[in-house]
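Student: Got a minute to walk through this one with me? I'd like the overall layout before the details.

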Amino acid sequence: MSAIWYECKVKYRKTDEATGTQKVTTEPYLVDAVSYTEAESRITEEMSAYISEEFKITNIKMANYAEIHPFENTDRWFKSRVSLMAYDEETGKEKKSNMYLLIQANDVREAYDNTVTVMKTTMGEYTIPAISESPIMDVFPYFSGEEGELEQLEKFNARKDSKPQVVKDSDFEDPMEFESVLEEEQEA
């Protein structure tokens with residue numbers, strides 16, 4: 001079963017670190033839930049751990065993220081639009097379908113690199129037409145407490161705490177071996 005993500009906006013008093021004054025702010029958070037009711041319950045529970053004063057949930061809406069990918073040593077979330085290419089045999093035309101990924105990174109370039117890292121196992125053709133910084137402050141995946149899901153939560157958190165490996169062209173082995181065929185043709 002795939003995750004359903006809800007974007008919850010939380011309004012609360014926050015102390016400005018620069019001036020030391022308090023101001024009212026509204027920040028969006030992402031929770032994995034089955035319904036709006038559960039999303040409200042979960043965001044209330046999660047925010048109670050961080051905010052000691054009272055807060056208000058001002059909005060809850062379904063988010064259109066296909067996947068969420070955290071990375072270590074990053075402080076912002078980026079929304080990557082990935083266009084998947086598919087050939088429609090009936091019409092004979094190429095179709096594009098978009099999906100949105102929430103990628104954690106420090107800047108747009110790193111978000112692009114992380115998106116490519118995530119998509120490297122994709123068999124079909126794709127393009128990345130847009131990456132923009134998301135206002136999402138934090139992501140709270142669902143955890144039921146069952147043993148199997150504990151492993152999934154640990155993997156999610158481990159990814160948050162791990163640095164993506166940069167794959168060099170020299171480290172990548174192409175199983176198709178087109179170059180060796182081309183080299184043989186050039187030698188002949």
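Tutor: We'll take the overall make-up, then a sheet, then a few residues.

Student: What kind of model is this, and what are the ground rules?
Tutor: This is a predicted model: local features need pLDDT of at least 70, side-chain atom pairs count only at pLDDT 80 or more, and totals for chains, interfaces and linings use all residues. Residues are numbered from 1 along each chain as its sequence is written, and side-chain values use heavy atoms, leaving out hydrogens and water.

Student: How many helices and strands?
Tutor: Four helices and eight strands. Both are DSSP runs, numbered from the N terminus: helices are H or I with at least four residues, strands E with at least two.

Student: In what order do the elements run?
Tutor: From the N terminus, β-β-α-β-β-β-β-α-β-β-α-α.

Student: How much of the protein is buried?
Tutor: Buried residues make up 30% of the 188. Buried means under 20% relative accessible area, exposed over 50%, partly exposed in between, with a 1.4 Å probe and protein chains only.

Student: And what about contacts far apart in sequence?
Tutor: Take the contacts with a separation of 6 or more: 63% of them link residues 24 or more positions apart. A contact means heavy atoms within 4.5 Å.

Student: Now the sheet. What is the strand order?
Tutor: β4-β6-β5-β7, an open sheet with mixed pairing. Two strands pair if DSSP finds at least two bridges between them.

Student: Which strands sit at the edges?
Tutor: β4 (65–69) and β7 (126–134), each pairing on one side only. The twist averages 25° from one strand to the next.

Student: Parallel or antiparallel for β4 and β6?
Tutor: Parallel, with four bridges joining β4 to β6 (residues 93–105). His 69 stands opposite Ile 103 in β6.

Student: How many bridges join β5 to β6?
Tutor: 13, and these two strands run antiparallel. One pair is Ser 83 with Asn 98 in β6. The β5–β6 hairpin has four residues between the strands, and Gly 92 takes a positive phi near 75° there.

Student: Which strands does helix α2 lie across?
Tutor: Helix α2 (residues 108–119) lies across β4, β5 (76–88), β6 and β7. The helix runs at about 120° to β6. Axes are lines fitted to C-alpha atoms, for helices over the stretch in contact, and angles run from 0 to 180 degrees between N-to-C directions.

Student: Val 82 next. Buried or exposed?
Tutor: Buried, at 0% relative accessibility. Val 82 is in strand β5. Leaving aside residues up to four places away in sequence, Val 82 touches residues including Leu 101, Thr 115, Met 119 and Pro 129. Tyr 126 is also on that list. The C-alpha atoms of Val 82 and Tyr 126 are separated by 6.6 Å, although the two are 44 residues apart along the chain.

Student: Where is Asn 73?
Tutor: In the loop between β4 and β5. Its phi is near 55°, a positive value in a residue other than glycine. Asn 73 is exposed, with a relative accessible area of 52%.

Student: Last one. Which side chain of opposite charge is nearest to Glu 7?
Tutor: Lys 61, 4.4 Å away. Glu 7 is buried yet has no salt bridge. A salt bridge needs a side-chain nitrogen of Lys or Arg within 4 Å of a carboxyl oxygen of Asp or Glu. For charge, Lys and Arg count as positive, Asp and Glu as negative; His and the chain ends are not counted.

Student: And where is Glu 7?
Tutor: In strand β1 (residues 5–15). Among the residues that Glu 7 touches are Pro 28, Tyr 29, Ile 60 and Ile 136, with residues up to four places away in sequence not counted.
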